[in-house]
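Student: I would like to learn how to read the surroundings of a ligand and the aromatic pairs in a model. Could we go through them together?

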Amino acid sequence: MSVRNVDILILGSGFGGSLLSMILARAGRSVAVVDRARHPRFAIGESSTPLADTTLATLAEQYDLPELLPLTQYGTWKQCCPDITCGLKRGFSYFGHSTERDFDEAAQMLVTASSSNESSDTHWLRSDVDAYMFEQAGRSGVIQFEGAGYSLARDDGHWRVTGVANESSFQISAPFIVDATGSTSALLDHLNIASQTATLKTNSRAIFGHFTNVPTVESMFREGGVDCSRHPFPCDAAAVHHVLKNGWMWQLRFDDDSVSAGFVFDDRIPDTQRSPELNTTEEWDRQIQSFAFLQRQFSSAAVVRPDTGIQRTQRLQRLTTEAAGKSWAALPNTAGFIDPLHSTGIAHTLFGIRRLAAILLSSSDRQKEENHRHYSDQLINELRNVDELVEGCYAALPSFRLWCDWCMLYFAAVTSMEQTAADNDVSFLRANDHEFRNTVRTARSHLQKVVDAGSTSEACNEFEGKLRKLLQPWNHAGLLDDDCGGMYSRTAAPV
Ligand SMILES: Cc1cc2nc3c(=O)[nH]c(=O)nc-3n(C[C@H](O)[C@H](O)[C@H](O)COP(=O)(O)OP(=O)(O)OC[C@H]3O[C@@H](n4cnc5c(N)ncnc54)[C@H](O)[C@@H]3O)c2cc1C
């Protein structure tokens, strides 16, 4: 049996666990990572953002990880890492649909995130990206166990993992452990940390897969005579959102012409037609068939990933009551998750890694305890903020107009912090900005009144006027600007 003592033990080797392990190893710490799966393996959560890219670039520079820099922009990615599949993401596209009619040309909003293809954001084919990060971590000296069956114990102040990987048994001990297992929350479960999911406002679930033979939205528009000349970027080079009466659909196009597509259902709305016997594929088909545009777009589509076919989740939301203790910490996606909407997961994970790495590498033992408490409180507060930024979109349904209005709160938070994001202690999406948080709550009560009044066009006008005023302190990008008619080009992140 191989027996090792290390400084830090990490459970989970998604890009989060691998990147943290790489940082710590480059800084001279001994690190071991244990994952129950093997790379490459399918993972969901692929749409990156400018905030994620700048945070990854900061980490690469700060910790001397030049091999990660190409992944921070589409141009360098394609040039330096052509074998890692990605997709071009110039921004966020939103299209409103109703079951009765086909696509309504007026129901469009495009928000620019990157001003050129070269400097653009990307979609990450996670099986490739995670395998690359895992490989780079190994090269940095991280001890790695994939496909591991193991048990976890704590004695004499040390964490101990005993298990089997590659038909060999191993034992790793460490004074500190990080839970990077995502929704499995292996360590949080082991520690019996209570959940506070019930207090979250968003209540959604998803069905998703990767498909081929999905024509672009733009080609379908051209065929249907819809004018695309006002689009500030090609509308499919984006996180595409189809806004539906019972939720929304994401479409993320990769350069190998596969498309990550998924429906997110608002589970606060009772679905009277949803039969418990409906299997995953049947439920997927039923939703596709309910919208004329999607029916045509997916008429020849075939599943390419994962091997197991279309996947279905339970409620997506999770939130722990504690994200760190004296000898342990959880990464953001283990501590909680809200929703794919607004693509917050990758950026938040990178924020968490940056903070945790700084704590583990620089604090004294006394400071560490205090810093872990702060890390935990901040993470939970940030997840609650994301919950509020997401939930209002669902509350606005089925009004496409109100949905887009509520998205402006997210865009105000993100565009106003892109300049200060390099600061280690800056809160994610203005979670610590009390004025901003109060504004979100004030806006939410206005929104409810509009929704209760039937979302009439007069009430929507009034709401937009109020929101414009409320968002003024954070609106440096022309958000809710009447003149742009939903085509936002000033929102691009600074290069
Ligand atoms: C439906 C959906 C869509 C999403 N879309 C987006 C998006 O478009 N953009 C975005 O930014 N974010 C998105 N996210 C969030 C994103 O998926 C996460 O932020 C991201 O995966 C976090 O990476 P991670 O490495 O921390 O965790 P994960 O990717 O969850 O990795 C966890 C790792 O732990 C391993 N593991 C699991 N259990 C154990 C165990 N018991 N022991 C050891 N190892 C274990 C797994 O094999 C895996 O390798 C989405 C999430 C969901 C659910």
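Student: Which classes of residue make up the shell around the ligand?

Tutor: Begin with the classes: Ala, Val, Leu, Ile, Met, Phe, Trp, Tyr, Cys and Pro count as nonpolar, Asp, Glu, Lys and Arg as charged, and the others, Gly among them, as polar. Here the shell has 14 polar, twelve nonpolar and five charged residues. Keep in mind that this is a predicted model, where local features need pLDDT of at least 70, side-chain atom pairs count only at pLDDT 80 or more, and totals for chains, interfaces and linings use all residues. Residues are numbered from 1 along each chain as its sequence is written, and side-chain values use heavy atoms, with hydrogens and water left out.

Student: Which residues come nearest to the ligand?

Tutor: A residue is near a molecule if one of its heavy atoms lies within 4 Å of it. Of the 31 residues around this ligand, Asp 35, Ser 47, Arg 126, Tyr 150 and Ile 346 come nearest. Helices are DSSP runs of H or I with at least four residues, strands runs of E with at least two, numbered from the N terminus. Helix H10 (345-362) gives the most to the shell, with three residues.

Student: What polar atoms lie beside the ligand?

Tutor: For a polar contact, look for a pair of N or O atoms within 3.5 Å. A polar side-chain atom of Tyr 150 is 2.6 Å from a ligand nitrogen, and one of Arg 126 is 2.7 Å from a ligand oxygen. The ligand taken alone exposes 1,000 Å², of which the protein buries 89% (Shrake-Rupley method, 1.4 Å probe).

Student: How many aromatic pairs are there in the whole structure?

Tutor: A pair of aromatic rings is described by the distance of the centres and the angle of the planes. Rings of Phe, Tyr and Trp (its six-membered ring) pair if their centres lie within 6.5 Å; planes over 60 degrees apart count as edge-to-face, under 30 as stacked and the rest as tilted. The search finds 18 pairs. Phe 92 and Phe 411 are edge-to-face, because their planes stand at 80°, with the ring centres 5.2 Å apart. Phe 92 lies in strand E5 (residues 91-96) and Phe 411 in helix H12 (residues 400-417), so the pair ties together parts 319 residues apart in sequence.

Student: Are these two rings buried or exposed?

Tutor: Buried means under 20% relative accessible area, exposed over 50%, and partly exposed in between (1.4 Å probe, protein chains only). Both Phe 92 and Phe 411 are buried.

Methods
Polar contact = N/O pair within 3.5 Å; in protein donor to acceptor, adjacent residues only side chain to side chain.
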